[in-house]
Amino acid sequence: MHVAITDKNRLSTVKPDLAKGLDVKLSGVAADQLTVGANRSVWWRCLDFPDTHEPWPAIVNNRTGGFRKRYGTGCPACRLVKTSAQELRLKAELSTVLPINPDRGTLRTTQTEHVDMVAEADGMRLVLEFDGSYYHADEKSRATDHAKSQRLRAAGWTLVRIREDPLTPLDPTYDVVVGFVAEPEEAAADVLDHLARLGLIDAAAAGQYRALGAPQAAERAHAWILERIGAQALRIEYTAHNDAWESMFEALTAYEAQTGHCYPTDDVTVDGRSLGRWCRKQRGRQRTGRLRPEREKRLAAILTWSSHTAFEAGFWSRYRAYLQRAQATDPDERAMNRPGSNGDSIS
Ligand SMILES: [Zn+2]
């Protein structure tokens with residue numbers, strides 16, 4: 001099917017930043033000859049590290065899609081670094097609650113096993129593995145990971161795999177899924193809640209950590225990343241976080257347009273990350289002056305955005321009153337007034 005190229009769909013016009021990364025020579029086509037939705041595989045160059053990262057092929061439409069797609073089709077070398085940095089940040093956060101030995105990276109079973117995190121104290125023999133979604137998705141990794149889990153469990157270790165969404169648990173009881181490119185403190189809180197449910201740690205400790213709502217070991221993680229991966233990792237992380245922020249912002253804009261408010265519940269998720277939690281975090285930062293000014297401006301452009309919590313804003317009481325009023329009116333009008341307009345109750 002031939003789609004005419006116009007200003008509304010031309011890659012170089014609609015996504016100029018992405019278009020800069022097109023390798024025209026390898027691809028045999030220029031960015032002004034492609035539409036953003038083109039179902040054609042072309043070659044891309046890493047704009048952050050053009051000299052050291054190899055070009056890679058990806059379909060245009062996949063690169064211009066949602067955050068998960070964009071991220072999943074980004075520079076493979078950057079992604080590998082990002083996954084390692086993600087793991088170190090999570091490890092640093094978990095170390096504030098668990099007795100993790102930061103220097104221990106191997107264990108002995110019937111062979112030498114390289115493991116991500118070892119927490120050993122009286123009564124606790126826990127191994128945590130972080131499975132980034134990109135590197136553990138194929139069948140071969142599933143089989144390798146599963147076999148390793150079996151060996152570690154046979155050697156007396158409790159093994160918990162931290163699987164990044166959309167990966168599913170390999171072991172339905174012990175493994176836990178965290179959001180795609182989740183903030184380290186969110187992923188850590190999810191892991192700790194899971195460990196508490198398994199009876200491995202005190203539920204109060206997990207609850208206390210979650211209540212803090214902010215990274216507790218950012219400096220330690222920063223030092224580990226510099227020492228083990230290098231300064232380039234910090235730049236890659238920065239880019240990835242900006243991209244993630246943009247995708248949550250886009251989702252909030254769409255949510256607000258649909259519902260007329262900015263208080264999504266925690267179960268509204270984008271790529272496995274909670275939009276409700278994200279909003280609370282932005283509000284918390286805004287109230288304490290830690291939100292970047294340009295982000296504050298972007299959020300302020302959303303009509304019903306407010307840095308007040310839902311409680312302070314009286315949102316839920318007004319919302320309940322609204323629902324009661326809606327229920328009191330006649331069915332036809334109710335159908336028209338209710339969000340969703342399909343008569344289903346929303347919660
Ligand atoms: Zn790269």
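**Helix H11, salt bridges and an enclosed cavity in a predicted model**

Alanine 257 lies in helix H11. The model is predicted. Alanine 257 is exposed, with a relative accessible area of 65%. That value is over the 50% required for the exposed class. Threonine 304 follows 47 residues further along the chain, and its C-alpha atom is separated from that of alanine 257 by 9.8 Å.

The protein as a whole has 15 helices and 10 strands. Its C-alpha atoms fill a box of roughly 70 × 60 × 40 Å along the principal axes. Of the 347 residues, 44% are buried.

Side chains of opposite charge can pair when their charged atoms come close. The structure holds 24 salt bridges. One of them joins arginine 89 to glutamate 237, with the closest N and O atoms 2.7 Å apart. This pair links distant parts of the chain. Arginine 89 sits in helix H6 (residues 76-95), glutamate 237 in helix H11 (residues 232-259), and 148 residues separate the two. Both partners fall under the 20% limit for burial. Arginine 89 has a relative accessible area of 17% and is therefore buried. Glutamate 237, at 4% relative accessibility, also counts as buried.

A salt bridge also forms between the side chains of lysine 281 and glutamate 185, at 2.5 Å from N to O. Lysine 281 belongs to helix H12 (residues 275-287) and glutamate 185 to helix H8 (residues 184-197), so the pair ties together parts that are 96 residues apart in sequence. Lysine 281 and glutamate 185 are both buried.

The bridge between glutamate 227 and arginine 228 has an N to O distance of 3.8 Å. Glutamate 227 is exposed, with a relative accessible area of 60%. Arginine 228 is partly exposed, at 38% relative accessibility. Salt bridges also link Glu186, Asp190, Asp193, Arg210 and Arg277 in a network.

Helix H6, which carries arginine 89, has 20 residues. From its first C-alpha to its last, H6 reaches 29 Å. This is close to the 28 Å expected at 1.5 Å a residue. Of its 20 residues, 16 are buried, so H6 is largely enclosed by the rest of the structure.

H6 also contributes to an internal space. Rolling a probe the size of a water molecule over the atoms shows where empty space is left. The structure holds 1 cavity of 30 Å³ or more. The largest cavity contains about 90 Å³ of space. Its lining consists of Lys82, Gln86, Arg89, Leu90, Phe130, Val178, Gly179, Ala182, Pro184, Ala187, Glu237 and His241. The elements that give two or more residues to this lining are H6, H8 and H11. H6 gives the most, with 4 residues. By class, the lining residues divide into 6 nonpolar, 3 polar and 3 charged. Arg89 and Glu237 are among the lining residues, and arginine 89 forms its salt bridge with glutamate 237.

The strands E1 and E2 supply a further local feature. In a regular strand the side chains alternate between the two faces of the sheet. Strand E1 (residues 41-44) shows this alternation. Val42 and Trp44 point to one face and are buried. Ser41 and Trp43 point to the other face and are not buried. Strand E2 (residues 56-59) runs antiparallel to E1, and 4 bridges join the two. Serine 41 has isoleucine 59 as its bridge partner in E2. Tryptophan 44 stands opposite tryptophan 56 in E2. E2 likewise has a covered face, formed by Trp56 and Ala58. Its uncovered face carries Pro57 and Ile59. The tryptophan pair thus joins Trp44, on the buried face of E1, to Trp56, on the covered face of E2. The other pair joins Ser41, which is not buried, to Ile59, on the uncovered face of E2.

Terms used
Residues numbered from 1 in each chain as written. Predicted model: local features only at pLDDT ≥ 70, side-chain atom pairs only at ≥ 80, totals over all residues. Heavy atoms only, no water. Salt bridge = Lys/Arg side-chain N within 4 Å of Asp/Glu carboxyl O. Buried < 20%, exposed > 50% of the residue type's maximum accessible area, 1.4 Å probe, protein only. 1 Å grid on protein atoms, 1.4 Å probe; cavity = no way out; pocket = protein on both sides within 12 Å on 5 of 7 lines; lining within 4 Å. Points joined across faces, edges and corners; volume = space filled by probe spheres on them. Nonpolar A, V, L, I, M, F, W, Y, C, P; charged D, E, K, R; others polar. Pairing = 2+ DSSP bridges. Expected span 1.5 Å × (residues − 1).
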